[in-house]
Amino acid sequence: MRKSLIILAAASAALVPASAVAQRAAVLVVDTDRILTECTACRAASTAIQGQVASARTRAQTLENQLRTEAQGLESQVKALGNKQPDAALQQKITAFQSKQQQARTELANRENQIQSTQAHVQQQIGARTVQIAEQVRARRQASVVMAKQSLMAAEAAADITGEVLAALNQQLPSVSVTPLPQQRQQGAQGR
């Protein structure tokens with residue numbers, strides 16, 4: 001009997017460090033998709049970016065309408081010539097039109113690049129703060145790893161710290177800069 005008590009005491013002493021190690025080896029999970037759709041700064045930035053996208057679409061439609069009208073006029077002038085070559089004045093109009101088309105493509109590509117850069121800047125700001133907060137939670141809970149939920153096949157619900165990270169993110173980062181990445185702004189200013 002005494003031998004059994006000694007074995008039981010030794011076994012329970014061995015379990016305490018094992019449970020402490022298991023607690024430190026825990027994997028915590030953050031649903032980054034949820035963070036990006038629900039955080040206060042994310043919603044505000046998304047609204048601002050959607051406004052930029054809508055503005056770009058409107059501008060693209062305006063340019064397309066203008067160019068279509070001008071193209072139809074030039075096309076009718078070329079057709080009226082039949083098989084004859086356009087004179088110098090018409091050739092200048094065609095060249096000017098092609099230049100306008102290229103300028104429109106460049107303008108729209110620049111807008112698209114600016115929107116993509118802005119999205120990347122927003123994600124960078126939110127991602128950096130989310131990582132800091134997740135690291136603080138990981139350290140406080142003495143876990144080994146925090147992983148994105150999207151990278152896991154399965155996890156216990158208790159391992160999900162998304163709500164805690166989201167609350168801290170909303171408190172610490174109520175808004176973000178909705179501008180292109182700093183190097184994009186510099187390049188845009190140099191290109192003008």
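I began at the end of helix H4 (helices are DSSP runs of H or I, at least four residues, numbered from the N terminus), and the residue that follows H4 is Gln-142, with a positive phi near 55°. The model is predicted, so I kept to its limits: local features need pLDDT of at least 70, side-chain atom pairs count only at pLDDT 80 or more, and totals for chains, interfaces and linings use all residues. Residues are numbered from 1 along each chain as its sequence is written, and side-chain values use heavy atoms, without hydrogens and water.

Next I checked the length of H4. Its 54 residues should span 80 Å at 1.5 Å a residue (1.5 Å times one less than the number of residues), and the end C-alpha atoms lie 78 Å apart, which agrees.

I looked up Ala-109, which sits in H4. Its relative accessibility is 33%, so I noted Ala-109 as partly exposed (between buried, under 20%, and exposed, over 50%, with a 1.4 Å probe and protein chains only). The C-alpha atom of Ala-109 is 9.9 Å from that of Ala-56, 53 residues away along the chain.

How do H4 and H5 pack? I found an angle of about 125° between H4 (residues 88-141) and H5 (residues 162-172), with axes 10 Å apart (lines fitted to C-alpha atoms over the stretch in contact, angles from 0 to 180 degrees between N-to-C directions). That makes H4 oblique to H5 (not under 35 degrees, not over 145 and not 65 to 115).

I then listed the contact (heavy atoms within 4.5 Å): H4 gives residues including Ile-126, Ile-133 and Arg-140, and H5 gives residues including Val-165 and Leu-169.

Technical notes:
Helices (H or I, at least four residues) and strands (E, at least two) are DSSP runs, numbered from the N terminus.
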